[in-house]
Structure formats: structure tokens, C-alpha cells
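Thanks for coming. I have one model to show, and I will keep to its geometry.

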Amino acid sequence: MKIIESIKEFGGYLNRYTHQSDVCNCEMTFSVYLPPQAKLGKVPALYWLSGLTCTDDNVRVKAGAQRYAAEHGIALIFPDTSPRGDDVADEDRYDIGTGAGFYVNSTQSPWKQHYQMYDYVTKELPVLLETHLPLIPDVKSIFGHSMGGHGALICALKNPHSYQSVSAFAPICNPMSSSWGKACLTAYLGDDTKVWQAYDATALVEAGAKVSDILIDQGTADEFYDEKQLLPENFQAACDKAKQSLTIRMQDGYDHSYHFVASFIGEHIAYHAKALK
């Protein structure tokens, strides 16, 4: 880990790091907010997964999350959304390639050499951070936005004992049934839709995956909700049938942007703080 930036905020420090990732086979960048409580001892971690086109920088600048993390004594972890670099495969479109890793382990060329974001988020990065930063080992939660909301849901559902809690803002709940999801899953995983099910939150719940509770906020003025990219109703139906505890709050008039995220992120961090402590 090499620290490339450090900014004091709310008594703690917002740090940015680079490191050579073994699973993604390239240099990766991420940010960490260490609250003031980290000066006295180890603190729990809350991972944020960002959406399409984002880097680790979007959320740390736009969401206002650090203030709430300082109040609750929680470290915030902001990974990037994909591998990056001159040798990393990309496409001339926003929803596949750079900025669009979709939090899967790719099995298809040319993506499989670098696009292993599921293993990066769930395995490599936590081990790295718990080794080098004042974090409580194995005490973490996860949340995210849009593509990152999809990532948070699948990471928690596939690893129910690894995360204390999970929540999401406007997640892609059923990517197998959305054009965003179909494009990415085809590119990264191939044409076999049975393989896709391992990275679809709705399909995972239908197959028996379960966590203690899930919180989702969805804006009613979200253009991607209207375009049937997000499909929270499909996820709700699967959770109801499986008796999976789920709260979906439809937030009147809110769109898909970080204005929406910033309006409710304090409530999400408080939700996770209860589980982490």
C-alpha cells in the first residue's frame, strides 16, 4: 500500500492509496476514511461500492458520508469500480469495461485477465486493509449505489457470515432482466444464463441465499427505475416468497444522483452502525 493523499476531515483522515492487486493483475486505487476513534484502537469497516462510470473519488466528495462515519466511529472503504491501466481491456461505451466492473469474476476474454472485482472486494482488499490499517478483523458491513448496490447485495448474499449488514441505494436488483445487466454479464461471463445467476441478487434469493436484513432506498423520479434497469419489484417478490427480511423505501421525487444518496446516507450509516457494534 502506498499512500498518495491524506486530508483531515471531522477529526479523522481521508486517505487515498494505490497497491498492486494480485487478483486484478494491475495497480488499483482506493480511498479509506479513518475516523478519529481509529487513533485509540481498531474500528469496524463499512465498504461502499460505487456505480457505473464512478471511481473511488465520487462518493468521498459528493455523499457527505465521512461526517456520519466520524460520529459512529466507523471506517469507510471506497474501492474503485474496475481495473484500470493501459493494458486493461476496455470498450468505447460506459456500461462495459473501465468504470463498469460489475463486481463479478470474469471468465471471458479479454476481460478475465483483469476483471476479477468480486474476489477483489470480498477477499483481497479486506485482507490487505485489516493487515495494514487499524480495522477490527472480520467486522465489516457493505452498501452501495446502482451497480454498486447490485455489488453490495450479491457480496452479502453470497457471504452472509462475512458482513454484519447490507443496504443499497437504487441497486440493479435483477441484472439478468435489465439491459445493463445483460450486456455486462454476457461480456464478462458468456452466454450461459445459469452462470449469471451467481451474480444476480434476485436469483440468489430465489436459490435460497439469505441474510438477516436488507435496507434499500429507491427514488421515484429515478430515470433508470422508469427504464426498468433496477427492478426492485422483482427483488421484493423474491424476498417475500423466501421470507427474506427486506425494507424498500420509495423516496418521493428523488432521482438517481448523489443528491439522492447524500440525502439518506446518514440513515444508512446509522443502520450499519447498529449491526457493527
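I will go through a pocket, two backbone details and a helix pair.

This is a predicted model, where local features need pLDDT of at least 70 and side-chain atom pairs pLDDT 80 or more, while totals for chains, interfaces and linings use all residues. Residues are numbered from 1 along each chain as its sequence is written, and side-chain values use heavy atoms, without hydrogens and water.

The pocket comes first. A pocket here is an open set of points on a 1 Å grid over the protein atoms alone, where a 1.4 Å probe fits, with protein on both sides within 12 Å along at least five of seven lines. The largest one has a volume of about 150 Å³, volume being the space filled by probe spheres set on the points. Its lining residues, those with an atom within 4 Å of a point, include Thr53, Cys54, Tyr94, His145, Ser146, Trp180 and His256. The lining divides into six nonpolar, six polar and no charged residues; Tyr, Trp and Cys count as nonpolar, and Gly as polar.

Thr53 also has a positive phi of about 75 degrees, although it is not a glycine. Thr53 sits in the loop between strand E4 (43–49) and helix H1 (56–62); helices are DSSP runs of H or I with at least four residues, and strands are E runs of at least two.

In another loop, between strand E5 (75–79) and helix H3 (117–132), we find Pro110. A cis peptide bond joins Ser109 to Pro110, with omega about 0 degrees.

Last, how do H2 and H10 pack? The axes, lines fitted to C-alpha atoms over the stretch in contact, come within 9 Å and cross at roughly 30 degrees. That makes H2 roughly parallel to H10, the term for angles under 35 degrees.

Notes: Axes fitted to C-alpha atoms, helices over the stretch in contact; angles between N-to-C directions. Parallel < 35°, antiparallel > 145°, perpendicular 65-115°, else oblique.
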